[in-house]
Amino acid sequence: IDISLVDVAMEEPLGVSSEDSTKPSAIAISLRLLLSHAHHQNLQRRSQPPPPITDTPTARPFHSLLRPILGIIQHQSMRKTVQAEFDALKLVLSTASLLFTPEETSSSLDSNRGTNGFPTDPSTAKTLINRLIQPHHSQMTLSLPNHTTLMLEIHTSVFPPTFGTSFQLTTTSSAPESAIADMPQVMQFSTIEKLRKHIWYVTSLDIVAAFQATASASGWTQPSRYQAELQRKNGASRPRDRLTVNINSEGLTASWVCSGKTGSRVWKSESRAEEGVLSLVEVVKEQFGRVGG
């Protein structure tokens, strides 16, 4: 944040969005509220009876005006980053004809504030001051293809005892026998990178669980509940057919290693844009009906 004293009659720079143009005014209102709050606290302290005179100088409280502002900006930025991650994953899964629904259900920044998270109505100063100095939180709900629900809570604090942004993920699975149901229901993450990889992993397991219903009629099973993989054994001495699902920064990949005439096959979400390429759901139905048939 670069705070400078400028002429209020200066024209707005070209190419500035409406949100960016209102943010400086919102920050200015917040700083005035926080400065007023600091003066009020100093006035209350000075109105109290003075402590006994000692050789040790009395420590004066330190008032941080920028930390609450930085907390809002950091939380708002993290919300946008997480939403962008989920939008990208939704796009990848849509190419596979798989349902993935991210939805923000609540945020502390949306109560009595403008679109950029800062207060715009000074008439509710006391309430807004409390909201400025308290930790910020947002909640998102993710619906995965096989009826698994993830509830993500984002917490940001810039005051002791915690600093920065943390993530709490609550997982609810409708299939009690699945590997996802065996995971800790509530998990904490300190970085978005760890959160991203865990959601990729859970989504891969969920996709395999959704495919298993289609595959079970053809003898396909999940050998390990903690791997996004299905296998089919063709007789005692014949090699196994295998389907592996993987999600990473490059997209969604499904790999088949099949015995017989079908051989191996790889489906990638990035190739779905090509004309005539089937979705992953269509390929799975076709492959499971063909292998070993």
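## A tour of cavities, pocket and contacts

Begin by selecting Gly-71, Leu-132, Ile-133, Gln-134, Pro-135, His-136, Thr-156, Ser-157, Val-158 and Phe-159, which line the second largest cavity. The elements that give two or more residues to this lining are α3 (125–133) and β3 (148–157). The model is predicted, so local features need pLDDT of at least 70 and side-chain atom pairs count only at pLDDT 80 or more, whereas totals for chains, interfaces and linings use all residues. Residues are numbered from 1 along each chain as its sequence is written, and side-chain values use heavy atoms, with hydrogens and water left out.

A cavity is a set of points on a 1 Å grid over the protein atoms alone where a 1.4 Å probe fits but cannot get out, and lining residues have an atom within 4 Å of a point. Points are joined across faces, edges and corners, and a volume is the space filled by probe spheres set on them. Helices (H or I, at least four residues) and strands (E, at least two) are DSSP runs, numbered from the N terminus.

The second largest cavity has a volume of about 40 Å³. Its lining comprises five nonpolar, five polar and no charged residues (nonpolar: Ala, Val, Leu, Ile, Met, Phe, Trp, Tyr, Cys and Pro; charged: Asp, Glu, Lys and Arg; polar: the others, Gly among them).

**Polar contacts**

Thr-156, one of the residues lining that cavity, leads to the next stop. Select it together with Thr-165: the two side chains make a polar contact of 2.9 Å (N or O atoms within 3.5 Å, one able to donate a hydrogen and the other to accept it; residues adjacent in sequence count only if both atoms are side-chain atoms). Add Gln-74, whose side chain is joined to that of Thr-165 by a polar contact of 3.1 Å. Thr-165 lies in strand β4 (residues 164–173) and counts as buried because its relative accessibility is 12% (buried is under 20%, exposed over 50%, partly exposed in between, with a 1.4 Å probe and protein chains only).

Then select Ser-138 and His-75, where a polar contact of 2.8 Å runs between the side chains. Ser-138 belongs to strand β2 (residues 136–143), and its relative accessibility of 2% places it among the buried residues.

**The largest cavity**

How many cavities of 30 Å³ or more are there? The count comes to three. For the largest, select Val-82, Glu-85, Phe-86, Leu-89, Ile-192, Leu-195, Arg-196, Ile-199 and Trp-200. About 90 Å³ of space lies inside. Helices α2 and α5 (192–215) each supply at least two lining residues, and α5 gives the most, with five. By class, seven of the lining residues are nonpolar, none is polar and two are charged.

**From Phe-86 along the chain**

Keep Phe-86 selected, as it lines the largest cavity, and turn to ring contacts. The model has one aromatic pair (Phe, Tyr or six-membered Trp rings with centres within 6.5 Å; planes under 30 degrees apart are stacked, over 60 edge-to-face, the rest tilted). Its members are Phe-86 and Phe-100: the ring centres are 6.4 Å apart and the planes stand at 65°, so the pair is edge-to-face. Phe-86 sits in helix α2 (residues 66–95) and Phe-100, 14 residues away, in the loop between α2 and β1 (101–107), so the pair links distant parts of the chain. Both Phe-86 and Phe-100 are buried.

Within the loop between α2 and β1, pick Ser-97. This residue, other than glycine, has a positive phi near 65° and is partly exposed, with a relative accessible area of 45%. Next, select His-147, in the loop between β2 and β3; its phi is also positive, near 65°. His-147 counts as exposed at 59% relative accessibility.

At Thr-95, show the C-alpha atom together with that of Leu-278: they are 183 residues apart along the chain, yet separated by 9.1 Å. Leu-278 is in the loop between β9 (264–268) and α6 (280–290) and is partly exposed, at 32%.

**Last stop: a pocket**

Select Asn-146, Ala-175, Glu-177, Ser-178, Ala-179, Ile-180, Leu-205, Ala-209, Gln-212, Gln-222 and Arg-225, which line the second largest pocket (an open set of points with protein on both sides within 12 Å along at least five of seven lines). Two or more of these residues come from each of α4 (179–182) and α5, with α5 giving the most, three. The pocket holds about 180 Å³ of space. Its lining has five nonpolar, four polar and two charged residues.
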